Amino acid sequence: MHSNDWLHSSIEYIEANLRNRISPSTLAADSGHSLRNFQRLFRDRTAENVMEYVRGRRLTEAMIAIVESKRSILDIALDFQFESQQSFTRAFRARFQFPPKRFRENGVTDHPSMKFRFSADYLQMIERRAITLDPAIIKMKPAFYIGLPIGVDINAFNKPEPVRGTAAFLSEFRERRHEIASPSVTNLADGELLVSYRAFRASTNGKDKLVVLAAVQVASKVHPPHGMQLLSAPSTMAAVFDYVGTLDNYWLASYYIGGCWLPRSRYWSGDAPILQYVQAVEGQTGSYKFRFIIPVRSRFPSLVNRWWG
């Protein structure tokens, strides 16, 4: 076998057996590695424990079934190898913050935190360490941002088209940046700034949207120029990730952060906007460096009811 053929075979086996019992020992035996070596190699290449991956895939597929079908939650839980509805609900809440019933009632999936099948490009990103695997946690002070907004389908985060479209968007803002009265405190050497936040359904005609601003941080709260938006961000903890790669694979970095790191971290997603600094990598055509600054908060026993608006 080539170096990663065993891994792709394992992933295919997992995908084919999400509704069946999966044993790490069986996966190891089929891979030709000892159990201990298999588990180590799987984690080295995916940044995730094999059974963490299996559980994340099962919960994601269960979420889709809950939203798209009328089957009972108990039947879906048993179908995906959970012993009871109670154990399923605990695991579901631990990953998605809210119980299954909430997602069914709203008819919307928690797309950014869903776990997808590992792809060759994703595995290569992890192996090359093109994404920060263990981010620094920093403290962000309250801040103001002014920028040019666009709305993006919340389910389009894993597609390259919206990211490619930001080039013209950033260019338009660059030409109008001088209209902002307040002095900028954004260091342009860090790259151009994109600020994004989840728009409540009540303010978007019933549709979930991600609002993205090509923006700068400003020193004071001032009235924004015509067509621009002022955004206030509270003080927050934040996780800092760097990603270097092509725009087509940008979504893989978002997937690692939301679908892998965040669910197994000590944090929930925070209430402040997400910041992204982007700049072309000198001497590497088509390659960019993104810095993600992701607001986080400690996991509390009682969940904050804000995701659905």
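A residue counts as buried when its relative accessible area is under 20%, as exposed when that value is over 50%, and as partly exposed in between. Keep that rule handy, and remember that you're looking at a predicted model.

**Stop 1: two unusual backbone angles**

Select Gln97, in the loop between α6 (85-96) and α7. Is Gln97 buried or exposed? Its relative accessibility is 11%, so Gln97 counts as buried. Now check its backbone: phi is near 80°, a positive value in a residue other than glycine.

Next, jump to Arg129, which sits in the loop between α8 and β1 (136-140). Here too phi is positive in a residue that isn't glycine, this time near 55°. Arg129 has a relative accessibility of 45%, so it counts as partly exposed.

**Stop 2: salt bridges**

How many salt bridges does the structure hold? There are 13. Let's visit a few of them.

Show the side chains of Glu12 and Arg117. They form a salt bridge, and the closest N and O atoms are 2.9 Å apart. Glu12 belongs to helix α1 (residues 5-16), while Arg117 is in the loop between α7 (100-106) and α8 (120-127), so this pair ties together parts that are 105 residues apart in sequence. Glu12 is partly exposed, at 44% relative accessible area, and Arg117 is partly exposed as well, at 41%.

Now pick Arg57 and Glu15. Their side chains meet in a salt bridge at 2.8 Å, N to O. Arg57 is in helix α4 and Glu15 is in helix α1, so the pair links parts that are 42 residues apart in sequence. What about their surroundings? Arg57 has a relative accessible area of 5%, which makes it buried, and Glu15 is buried too, at 14%.

Add Glu61 to your selection, and you'll have a whole group on screen: Glu12, Glu15, Arg57, Glu61 and Arg117 are linked in a network of salt bridges.

One last pair at this stop: Lys115 and Glu48. Their salt bridge has its closest N and O atoms 3.0 Å apart. Lys115 comes from the loop between α7 and α8, and Glu48 from the loop between α3 (35-46) and α4, so the pair ties together parts that are 67 residues apart in sequence. Both Lys115 and Glu48 are buried.

**Stop 3: a pocket and a buried arginine**

Head for the second largest pocket, which holds about 260 Å³ of space. To see its lining, select Arg21, Ile22, Met51, Val54, Arg55, Arg58, Phe80, Gln81, Phe82, Glu83 and Ser87. Which element gives the most to this lining? That's helix α4 (residues 50-68), with 4 residues. Colour the lining by residue type and you'll get 5 nonpolar, 2 polar and 4 charged residues.

Zoom in on Arg58, one of the lining residues, found in helix α4. Arg58 is buried but has no salt bridge: the nearest side chain of opposite charge is Asp79, 9.4 Å away. So what does lie by the side chain of Arg58? Turn on the backbone of Asn20: its oxygen lies 2.6 Å from a polar atom of the Arg58 side chain.

**Stop 4: enclosed spaces**

Rolling a probe the size of a water molecule over the atoms shows where empty space is left. In this model the count comes to 3 cavities of 30 Å³ or more.

The largest cavity has a volume of about 90 Å³. It is lined by 14 residues, and those closest to its centre are Met140, Tyr145, Thr236, Pro273 and Leu275, so select these five to centre your view. Strands β2 (143-153), β6 (236-245) and β9 (288-298) each supply at least two lining residues, and β9 gives the most, with 3. The lining divides into 12 nonpolar residues, 1 polar and 1 charged.

Finish at the second largest cavity, at about 40 Å³. Its lining is made of Leu170, Phe173, Arg177, Thr186, Leu188, Glu192, Leu193, Ala215 and Val216. The elements giving two or more residues to it are α10 (166-176), β3 (192-199) and β4 (209-218). By type, the lining has 6 nonpolar residues, 1 polar and 2 charged.

How values were computed: Residues are numbered from 1 along each chain as its sequence is written. This is a predicted model: local features need pLDDT of at least 70, side-chain atom pairs count only at pLDDT 80 or more; totals for chains, interfaces and linings use all residues. Side-chain values use heavy atoms; hydrogens and water are left out. On a 1 Å grid over the protein atoms alone, a cavity is a set of points where a 1.4 Å probe fits but cannot get out, and a pocket is an open set with protein on both sides within 12 Å along at least five of seven lines; lining residues have an atom within 4 Å of a point. Grid points are joined across faces, edges and corners, and a volume is the space filled by probe spheres set on the points. Ala, Val, Leu, Ile, Met, Phe, Trp, Tyr, Cys and Pro count as nonpolar, Asp, Glu, Lys and Arg as charged, and the others, Gly among them, as polar. Buried means under 20% relative accessible area, exposed over 50%, partly exposed in between (1.4 Å probe, protein chains only). Lys and Arg count as positive and Asp and Glu as negative; His and the chain ends are not counted. A salt bridge is a side-chain nitrogen of Lys or Arg within 4 Å of a carboxyl oxygen of Asp or Glu. A polar contact is a pair of N or O atoms within 3.5 Å; within protein, one must be able to donate a hydrogen and the other to accept it, and residues adjacent in sequence count only if both atoms are side-chain atoms.
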